[in-house]
Amino acid sequence: MNFGYYPGCSLQGTAKEFDLSLKEVLKVLDVNLNEINDWCCCGASSAHVMSHILSVALPARNLLLAKHRGMQNVVAPCAACYNRLKVSQHELKFDEKMRMKVEEILEEKISNGVEILNLIGLFQKIGLGKIKTAIKINLKEIKAACYYGCLLVRPHDILKFDDPENPSSMEEIVSIIGAKPIEWNYKIECCGASHSIDNTEIVEQLSKNILNDAIKHDANVIVVACPMCHSNLDMRQKNILKKYPQQKAIPILYLTQLLGLSMGLNYKDLGLHLHYINPVPMLEEKVKVEEVTI
Amino acid sequence: MRIGVFTCHCGENIGRTVDCPAVSKACADFPGVVHSEDYKYMCSDPGQNLIKQAIKEKNLNAVVVGSCSPHMHEKTFRKACSDAGINPFQVEIANLREHCSWIHDDVPSATLKAIDMMRMMVEKVKFNGPLTPIRVPVTKRALVIGGGISGIQASLDIANAGYEVILVEKEPSIGGHMSQLSETFPTLDCSQCILTPRMVEVYQHSKIKLMSYSEVENVEGFIGNFSVTIRKKARSVKDELCTGCGLCVQKCPIKKVALSEFDEGLATRPAMYVPFPQAVPNIPVIDRTICTYFKNGKCQMCKKVCGREAIDFEQQDELVKEEVGSIIIATGYKLYTIDKKPDDSPIHGYGEYGYGKYKDVVSGLQFERIASASGPTSGEMLRPSDKKVPKKIVFIQCVGSRDEAKGFSYCSKICCMYTAKHAMLYKHKVHDGEAYVFYMDIRAGGKMYEEFVRRAIEEDGVKYIRGRVSRIYQDDGKIIVKGEDTIAGVKVEIDADMAVLATAMMAQTEAPKLAQTLGVPYDKYGFINEVHPKLRPVETSSGGIFLAGACNSPRDIPDSVAMASAAAAKALVLFGSDMLEREPVVAKVNEATCAGCLYCKKVCAYNAVEAKEIKDRNGNLIKVVAYVNSGLCQGCGTCNATCPSKSVELLGFKDDQIYAQINAFAEV
């Protein structure tokens, strides 16, 4: 199976482990990612507040490049990239004036043909059945709180992915690989992502609420599919722990890392050493490597 | 042809933008026109007299009036002409007001357009022929579909006027949603106490034939002459033998399998059941999907205990044919079920409110059952999860209603009132409890309604918060309600014990199917359409079929009852004469040229076209042709446009008439 690949900036920087683990897992599943040649910024973090047209034109350029390479679909693992690509595609489809402007900028006609997939969408395309056959390690002790954040499922009218108010597609994958998704209340609450840099205090407060609800509902790990979610819950957790001595730590894993674990991949290849909150002690306690079930 | 042309100024309405004297003058020169004049108000008595006088003096045999829309005054002018001795269908109206003066502002060009319009009508009227109204006999019986309060009221009104009624209800008992309610706003009288006497009256009325546990399967015919097929579903109990003693229900061993429909799933019912103690008729039904006898042939306990030998396991659905002259649709509503949305529906669910996930998040109707003396808690205010008294309760209005994002644009109309009532009932039973209401606006239009809401706020201390709830979740056994107070501009979080969702009223799931069977239009939500929202609110576009209650749009009890009586009055108007007169603007088939392809039958929205066999004198089939039942035909002209061989014509709008108009227009 072949998919176009748009890594975006996070997966080459702060979310390197996301990229690593994704590629490792796809190797096992015999899936090829073809990176878009000469891709540029998707406009997620600053373009869309600075210039609307830029925030539409940047993703449009990337999608055009994908089209030139004959790609049918593009995987954007970062939820912010996914969101930008989808929104741009939507706007160009329904706003003719905008489309003409962007065509002028890109000096090329735009035709919407590329399917944009987020991480979960990618696994759904690959097929949950196929993933199941690749499972080697028993993860039944892992109680995972699946955290969707905002960008993966909203705005629903454009993304048309899962139920925006009560999504469940990540839980489906988590249970396929034998881990236990928990019921909790904060799976779509805001982590404060937009204020990550300028107002970390808000972020810490919001992220703390999320962490605590997961802990309260007996989770031993939070699973995410977005680098923003990850940095707010993982990186900011350090500070939260420092500020509140009562606070318990909980590791934050990318969905791909959990998948990798279930496939028996090693910690280093999955980038598990790259987290602020070290997941290894928890994993050593909960994941019994000898319990191989095929 | 001697045509008279009359141009109306409609006060200033036409006169301001159309030079009426000029139009009148121009019309005088049209070939065939022997009289032309203009007048300020042609519809007034003196105006009509001008027409009548001209007809007599100039011996006119056709008339064209340039005035307002034919919807307004076609009847007036036709009658005036008819009084003066011309066939009323020799009169044509040019709509100079809506189609010309109101939409233009340049006088010279509007005047030219008006002249064109008049010329077209003059040319058309030359091809008009005299038509006679269609007369059809009336069967003086009514069918009422739906046994809720609307259907009950309509049935009683018609029956009390002395005409027979067949009341069809799909559930085992009549009573509808009103029978589930605890108390009613704004008087707080007990719903069942005021309803059950009506239900009994229906049952005992000699003129009402009650068919419960039955559904309308098919409807044929037309106003005054409907032929209805009703499916009487198998109760497995012979209703003529059953005395309603209830022993079989008591002894049925399958007690806890099925959730009670009447109690909105808050309690269970046996496989052998009557929906509620005051059910009418008080005859049980066997739920064959869970009865052990129907599943594996064992038990028969009900049969053993029945002293009247009324249990009949072999009973089959029965199809009953009835002839009626009028049909009243009173199928009511259902509540939006809030869960995840069904795949094929444009309606979104409210995953964020956790309905179905948390037992203590209930719908409005479920709360009615909790508050009702006949409900699962015998009227005690106990929450479903642990049967404890909720000390803090949150009511949320507009769940679905007025929420475009969820697929509803309309207001459900009753929720503001019943939520105030709920909060009040709660406070009356739990004095130290706190009740919160989240609302968008309070819409309390109605007699004593605003006062009722104020009473909830001022006397009973219900706390109203203007704003929406974004999320409900459970934490430490509490129902956490997160929302916004948009007046104070703050976020609100309430750790409640229970939440009640005032969910949108929706059309019954089967309503569109029934509407299709009856040939009446319905809107995108499945509510059945009235002909005119102001002037013909209880009539459908199919003659003889009327509407009552919430099947038309969300409606409370007083409105539903008023509408039911109105619908009954409409049916009674129909029954007031032995023969019906209908406008003869119907389609007619030229049997000589009709090839019998029956495309017209396929496109007819009113099931008015049927196949007719033409036989020779020995009874041998010569050919099959289309035949238009003039009682059913609504004169829409779709068959006319569809016919490949031009064999169907719409009387009053025949092809020559239309071509004459086009030619008159193209000549310029």
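Two strands are taken to pair if DSSP finds at least two bridges between them. In the predicted model described here, strand β21 (residues 392-399) of chain B satisfies this criterion with strand β22 (residues 434-439) of chain B, since five bridges join the two. The two strands run parallel, and within this pairing B:Val394 has B:Tyr436 of β22(B) as its bridge partner. Both strands belong to an open sheet of five strands in chain B, whose order is β20-β27-β21-β22-β23 and whose pairing is parallel. The edges of this sheet are formed by β20 (361-363) and β23 (463-466) of chain B. Each of these edge strands has a single partner strand, so one side of each is left without a neighbour in the sheet. From one strand to the next, the twist averages 20 degrees.

Chain B contains a further open sheet of five strands, in the order β10-β7-β6-β18-β29, and its pairing is parallel. Here the edge positions are held by β10 (208-211) and β29 (545-547) of chain B, and because each has a single partner strand, one side of each lacks a neighbour in the sheet. Neighbouring strands of this sheet are turned against each other by 20 degrees on average, direction ignored. The edge strand β29(B) pairs in the parallel sense with strand β18 (residues 326-329) of chain B over three bridges. In this arrangement B:Ile327 stands opposite B:Ile545 of β29(B).

The domain assignment divides chain B into five parts: domain 1 (3-125), domain 2 (141-228 + 319-332 + 543-578), domain 3 (234-316), domain 4 (334-506) and domain 5 (587-651). The C-alpha centres of domain 1 of chain B and domain 4 of chain B are 59 Å apart.

For chain A, the assignment gives domain 1 (2-120) and domain 2 (127-286). The centres of domain 1 of chain A and domain 2 of chain A, taken over C-alpha atoms, are separated by 24 Å. Contact between these domains involves 24 residues of domain 1 of chain A and 30 residues of domain 2 of chain A. On the side of domain 1 of chain A that touches domain 2 of chain A, at least two residues each are supplied by α1, α4 (79-94) and α6 (119-126) of chain A. The largest share of that side, nine residues, comes from α1(A). By class, the residues on this side of domain 1 of chain A comprise 14 nonpolar, six polar and four charged.

Helix packing was examined for two pairs in chain A. Two packed helices are described by the angle between their axes and the distance between the axes. The axes of helix α1 (residues 16-28) of chain A and helix α12 (residues 255-262) of chain A come within 8 Å and cross at roughly 40 degrees. This angle makes α1(A) oblique to α12(A), and the crossing of α1(A) past α12(A) is left-handed. From α1(A), the contact is made by A:Glu17, A:Phe18, A:Ser21, A:Leu22, A:Glu24 and A:Val25, and from α12(A) by A:Thr256, A:Gln257, A:Leu259 and A:Gly260. The contact of α1(A) with α12(A) has four nonpolar, four polar and two charged residues.

In the other pair, the axes of helix α10 (residues 200-216) of chain A and helix α11 (residues 227-243) of chain A come within 9 Å and cross at roughly 100 degrees. The helices α10(A) and α11(A) are therefore roughly perpendicular to each other. Residues of α10(A) in this contact are A:Thr200, A:Val203, A:Glu204, A:Ser207, A:Lys208, A:Ile210 and A:Leu211, while α11(A) contributes A:Asn232, A:Leu233, A:Arg236, A:Gln237, A:Asn239 and A:Ile240. The residues of the contact of α10(A) with α11(A) divide into five nonpolar, five polar and three charged.

The contact between the chains takes four residues from chain A and six residues from chain B. The side of chain A that touches chain B has no nonpolar, two polar and two charged residues.

Attention is drawn finally to backbone geometry. Most residues other than glycine have a negative phi, and most peptide bonds are trans. A cis peptide bond joins A:Arg154 and A:Pro155, with omega about -5 degrees; A:Pro155 lies in the loop between β5 (143-147) and α8 (156-159) of chain A. In chain B, the peptide bond from B:Phe185 to B:Pro186 is cis, with omega near -5 degrees, and B:Pro186 is placed in the loop between β8 (183-184) and β9 (189-190) of chain B. B:Glu309, a residue other than glycine, has a positive phi near 50 degrees. The loop between α9 (301-305) and β17 (318-324) of chain B holds B:Glu309.

Terms used
Residues numbered from 1 in each chain as written. Chains lettered and ligands numbered in written order. Predicted model: local features only at pLDDT ≥ 70, side-chain atom pairs only at ≥ 80, totals over all residues. Domains from an automatic or database assignment. Contact = placed C-beta atoms within 7 Å. Nonpolar A, V, L, I, M, F, W, Y, C, P; charged D, E, K, R; others polar. Helix = DSSP H or I, 4+ residues; strand = E, 2+ residues; numbered from the N terminus. Axes fitted to C-alpha atoms, helices over the stretch in contact; angles between N-to-C directions. Parallel < 35°, antiparallel > 145°, perpendicular 65-115°, else oblique. Left-handed = near helix turned anticlockwise from the far one by under 90°.
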